[in-house]
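Visitor: I would be grateful for a close look at a single part of this model, followed by an account of its surroundings. Please proceed step by step.

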Amino acid sequence: MIIDIARVAKGCKIKLPDLITRPVGRKLYAAVLEKLSFAGKGETVLLDFEGIKVIDSSCVDELLVKLIHESWEKDFYIKLRNISAISEINIDSVFNSYSNYKEKRIAVVRDELGVNNKYYIGPLSEAERDIIDYLKINHRANVYDISSFSGMESGMAAEITDGLASIRVLKKENGDFISI
Amino acid sequence: MSGTGMKAVVVPDRMRDPYTFESILSLNDEILKSGVIDMSRVDFIEPYSMVSLLLMGRNYLRQKGEKARIVNLPAHLAQYLQRMDFFKEGVFTVPETAVAGAALKRSSASRRLIEITGIPNKERQSIEVISSVIALFRKKAPVILKFWMTDPVVDFFVTVISELCQNIFEHSLDTGYLALQTYRSGNENIARLVISDSGIGIMKSFAGRPDIVYGSGAELVEMALTQPISSKREFGYGLCQVNSIAERLRGILFIRSESSSLTALYNRKDKTGKYMFHRNGLAYFGGTQISISLSA
């Protein structure tokens, strides 16, 4: 499912190109949630931010963090597209603070390579980054593939990939790992 | 009439930057007693001083129920204050020089500034104002940020405006003001964004969080800038984000709250030595006043 955030925002009478403040985030969240009722189990929901320049931290907190929680509960995956440089910084900062305070990490994958030179936003380790990059290219792999690519012991590779699957930045299907 | 018969407080020519304005704030009690400010010695006012002066006048109006007076205001300053909508706020009685200055036409080409804009403390109205200010800023950014102009810089400023204005209605329990201007000082071009209120201030705002331990007011301000702490929520992002943007832009961040201030000179960070300066024990002035400056 692709959700054009700018279109949803216009539908909510939110002034563009910036998504700022908590009430705007809450309004958008409610509108996106309505659309998500049509998403299938395990489906990837692509949130396209084309035409959006700034998403501030309040809006990230009210929209993206809540959607990520929703994805954990309702079993779907989130991927971002067309995230501006400043929005990437704001999202990263919120996810870092969240992960520090809640002791549960949050991260989200994205369609294009960001200013951070990564295909995701959030506090992941270098080893985790390598696995996401590997899957981005190879799309699907099992633990042994990942282990031989990274040089990690398979137990360690399994632990890391399972961790990434648990925060829903990759999918696990019949023992294989799939990029979002 | 307000202040009639009261001796005017003659303020020094110390409205050139947030640090020198401390001299004026140290006269706050006298000004609150007198209600008359003699500006004859002042030659220059920058945006932070202007907004702080407005807050001082507003405090007087709230305490005494009448407007404070500005006397002996030099004509060029009257024109400037008129241009920045200083008297539109209805806090001061309009001095004669300003009335005369009103005859001057406002140049529609003057895109180097955003006039004083009130930030309401009610969420709904505040959001409307923030959206309008940001729309106006985006329109004027090519001129305001002429010396720093890139798309990311504009977006950085949009984030800062949004975060700081939201802090007013979320934390200060009061209304506030925003002003933005690019001006020349000596050989330097300065872009200064000011967002200030005279609400409850950072220390009082954190009074309900005994788990957050700090030594001095300035130390708490630094914690709010560098750690995602919040007085209302489990954790917050706003001031940290503002601080990291100021650092990226190699700007100067000045925050004053109650009797403390913090200055972060990110333009000097790569040189060895200190770049963050605390001051405590300053003259008490309620609320939080913030200035972010870029220089070129």
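Within how many Å do the axes of helix H5 (residues 126-138) of chain A and helix H6 (residues 143-150) of chain A come, and at roughly what angle do they cross?

Guide: The model is predicted, and what follows should be read in that light. Two packed helices are described by the angle between their axes and the distance between the axes. For H5(A) and H6(A), the axes come within 11 Å of each other, and the crossing angle is roughly 115 degrees. The crossing is right-handed. On the H5(A) side, the residues that meet the partner helix are A:Ala127, A:Asp130, A:Ile131 and A:Tyr134, and these face A:Ile146, A:Phe149 and A:Ser150 of H6(A). Sorted by class, this contact comprises five nonpolar residues, one polar residue and one charged residue.

The domain division gives the setting of this helix pair. Chain A is divided into domain 1, residues 1-122, and domain 2, residues 124-180. H5(A) spans residues 126-138 and H6(A) spans residues 143-150, within the bounds 124-180 of domain 2. The C-alpha centres of the two domains of chain A are 23 Å apart. Their contact takes 14 residues from domain 1 of chain A and 10 residues from domain 2 of chain A. On the domain 1 side, helix H3 (57-74), strand E5 (77-81) and strand E6 (108-110) of chain A each supply at least two residues. By class, that side has eight nonpolar, three polar and three charged residues.

Strand E5(A), one of the contributors just named, may be followed further. A:Ile78 and A:Leu80 make up its covered face, while A:Tyr77, A:Lys79 and A:Arg81 make up its uncovered face. Strand E3 (residues 44-48) of chain A runs parallel to E5(A), and five bridges join the two. Within that pairing, A:Leu47 has A:Leu80 as its bridge partner. E5(A) also pairs with E6(A), again in the parallel sense, over two bridges. Here A:Leu80 has A:Arg110 as its bridge partner in E6(A). A:Leu80 thus belongs to the covered face of E5(A), is the partner of A:Leu47, and is also the partner of A:Arg110.

Helix H4 of chain A holds A:Ile89. This residue counts as buried because 24 other C-beta atoms lie within 10 Å, where the cut-off for burial is 20 or more. A:Ile89 and A:Val115 are 26 residues apart in sequence, and their C-alpha atoms are 8.9 Å apart in space.

H4(A) also leads to the second chain. In the contact between the chains, 19 residues of chain A meet 22 residues of chain B. Helix H2 (22-36), H3 and helix H4 (85-102) of chain A each supply at least two residues of the chain A side. The largest share, seven residues, comes from H4(A). The chain A side divides into eight nonpolar, seven polar and four charged residues. H3(A) appears both in the side of domain 1 of chain A that touches domain 2 and in the side of chain A that touches chain B.

In chain B, four strands form an open sheet in the order E1-E2-E3-E4, with parallel pairing. Strand E1 (9-10) and strand E4 (92-93) of chain B are the edge strands, each pairing on one side only. Strand E2 (residues 36-38) of chain B is joined to strand E3 (residues 68-71) of chain B by three bridges, and B:Ile37 has B:Ile70 in E3(B) as its bridge partner.

Some backbone details remain. Most residues other than glycine have a negative phi, and most peptide bonds are trans. The peptide bond from A:Leu16 to A:Pro17 is cis, with omega near 20 degrees; A:Pro17 is in the loop between helix H1 (5-11) and strand E2 (18-19) of chain A. B:Asn72 has a positive phi, near 55 degrees, and is found in the loop between E3 and helix H4 (75-83) of chain B. B:Asn72 counts as partly exposed because it has 16 C-beta neighbours inside 10 Å. B:Arg250 likewise has a positive phi, of about 55 degrees, although it is not a glycine. This residue lies in the loop between helix H10 (238-248) and strand E8 (252-258) of chain B, and is partly exposed, with 15 other C-beta atoms within 10 Å.

Conventions: Residues numbered from 1 in each chain as written. Chains lettered and ligands numbered in written order. Predicted model: local features only at pLDDT ≥ 70, side-chain atom pairs only at ≥ 80, totals over all residues. Axes fitted to C-alpha atoms, helices over the stretch in contact; angles between N-to-C directions. Left-handed = near helix turned anticlockwise from the far one by under 90°. Contact = placed C-beta atoms within 7 Å. Nonpolar A, V, L, I, M, F, W, Y, C, P; charged D, E, K, R; others polar. Pairing = 2+ DSSP bridges. Domains from an automatic or database assignment. Buried ≥ 20, exposed ≤ 12 C-beta atoms within 10 Å, placed from the backbone.
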